Amino acid sequence: MKQDSQTRLIHAPRKAPQSISTIQPPLYRASTIIFENTDALFNRHWTDDYDYSYGTHGTPTTFTLGDNIAQIEGGEYCLLAPSGLSAINLVNSCFLNQGDEVWVADNIYGPNMEHLRNLEKRYGIQVKVYNPLDVETFQPSAKAKLIWLEAAGSVTLEFPDLVGLVKTAQAHHILTALDNTWGAGLAFNAFDFGEEHLSVDITVHALTKYPSGGGDILMGSVVTRDKTLHQKLFRTHAIQGISVSGDDVAQVQRSLASMQLRYQHQSNSALTLLPWLEQQAEFVQVLHPANPDSAGHPYWKEICKQGQSAGLVSVIFDSAYTMQDIRNFCDSLELFKLGFSWGGPISLVMLYNLRDMRVLKHSHLKGGLLVRFCIGLEHPQDLIQDIQHALEQMKKLKNE
Ligand SMILES: Cc1ncc(COP(=O)(O)O)c(C=O)c1O
């Protein structure tokens, strides 16, 4: 049949051969997925992980990354979401119903707490806060459905009593969801704590951090090992229209190859900075799970057997320094850029006033003004020099 050139442009004759092999998997961009015939259309199983029916339900590109993330984290099934926060929200909206109780660590990622407080106001879901270092503060009632864990807390970096908390949750038949962004599936295996059946039920991972590694892509994942949990999540994911761009997925897939090397490098750099930070008189506390003085250090040692940690270090300033001094310090840094997030190539800094961020009283924190350093891929000695210079500038401005 003779066709117009416009039609021929759209219906391109060349198809990639199935046998061609490349380093990176081929990229599928799809909203529409074409059915071979009406049989295929009527027999589709859109709630099945490997059945291709529409872009929001998955493509070979999204399933490939999902399988990799599940494998890294020690799980079986994975769903992708457009950001880490969106992955958190998927879990909350899938498992929480009106009147349920949900438990959150006092140091949980702030927007997760905000999201839950919003659900509390609108749907009567009760939000209860526990101290991640003290299992006794986790006292679930019969209405409790879900506990959020985070190891380590991403600002104050306490490593929780994960084993104690998971055991208590299991004894009460409560779902355990861990924000696994800090460990990235590399520092420890949340689906295997070394004792039979001792595992979290769900992990959420802000792929925005280490898996992306570039500071330029937002994505999140929800991993499980239980097929029933996964199918429930899959349905919620599909009916909410949660989906990710194939191009973004391909970028994250490409970065996965170097993730372990980057994580190890940033972990080592943070350990190089620790003793130097400890010596600086301006800081009354250096927070990092590998630091024996840091809260939860014994739990970190027990769980992170290879001694790994993300490249996050926080310092608490001596009370002689005001918020203005700390702002001057941050503004004087040159290599550390001021911005949210972590896990990228460039080191970042962020300042916090803990007074506005906690519900419970915490005796292990010796002050309120905190600066978090997110270590990038620069040489650690250059980073030390940058902090040293900024401290000098801060003191110079204070004395003027
Ligand atoms: C611990 C933790 N979880 C989740 C998120 C959310 O990830 P995203 O920025 O992709 O929404 C963040 C982001 O900073 C985080 O630090």
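**View 1. About 130 Å³ of space sits inside the largest cavity.** This is a predicted model, so take this as a look around a computed picture. The structure holds two cavities of 30 Å³ or more, and we start with the largest one, at about 130 Å³.

**View 2. Here are the walls of the largest cavity, made by 15 residues.** Look for Gly58, Thr62, Phe63, Leu80 and His237, the lining residues that lie nearest the centre. Three elements each give two or more residues to this lining: α3 (60-73), β1 (77-81) and α7 (227-239).

**View 3. What classes of residue line the largest cavity?** Sort the lining by class and you get seven nonpolar residues and eight polar ones. Charged residues are missing from this lining: there are none.

**View 4. Now for the second largest cavity, with a volume of about 40 Å³.** Its lining is made up of Asp49, Tyr50, Phe63, Gly66, Asp67, Tyr77 and Cys78. The elements giving two or more residues here are α3 and β1. Which element gives the most to this lining? That would be α3, with three residues.

**View 5. A class count for the second largest cavity gives four nonpolar residues, one polar and two charged.** Asp49 and Asp67 are both in this lining. Back in the largest cavity, the lining had no charged residues.

**View 6. Phe63 is worth a close-up of its own.** Phe63 is among the residues nearest the centre of the largest cavity, and Phe63 also lines the second largest cavity. Elements come up twice as well: α3 and β1 each give two or more residues to the lining of the largest cavity, and they do so for the second largest cavity too.

Note on methods: Residues are numbered from 1 along each chain as its sequence is written. This is a predicted model: local features need pLDDT of at least 70, side-chain atom pairs count only at pLDDT 80 or more; totals for chains, interfaces and linings use all residues. Side-chain values use heavy atoms; hydrogens and water are left out. On a 1 Å grid over the protein atoms alone, a cavity is a set of points where a 1.4 Å probe fits but cannot get out, and a pocket is an open set with protein on both sides within 12 Å along at least five of seven lines; lining residues have an atom within 4 Å of a point. Grid points are joined across faces, edges and corners, and a volume is the space filled by probe spheres set on the points. Helices (H or I, at least four residues) and strands (E, at least two) are DSSP runs, numbered from the N terminus. Ala, Val, Leu, Ile, Met, Phe, Trp, Tyr, Cys and Pro count as nonpolar, Asp, Glu, Lys and Arg as charged, and the others, Gly among them, as polar.
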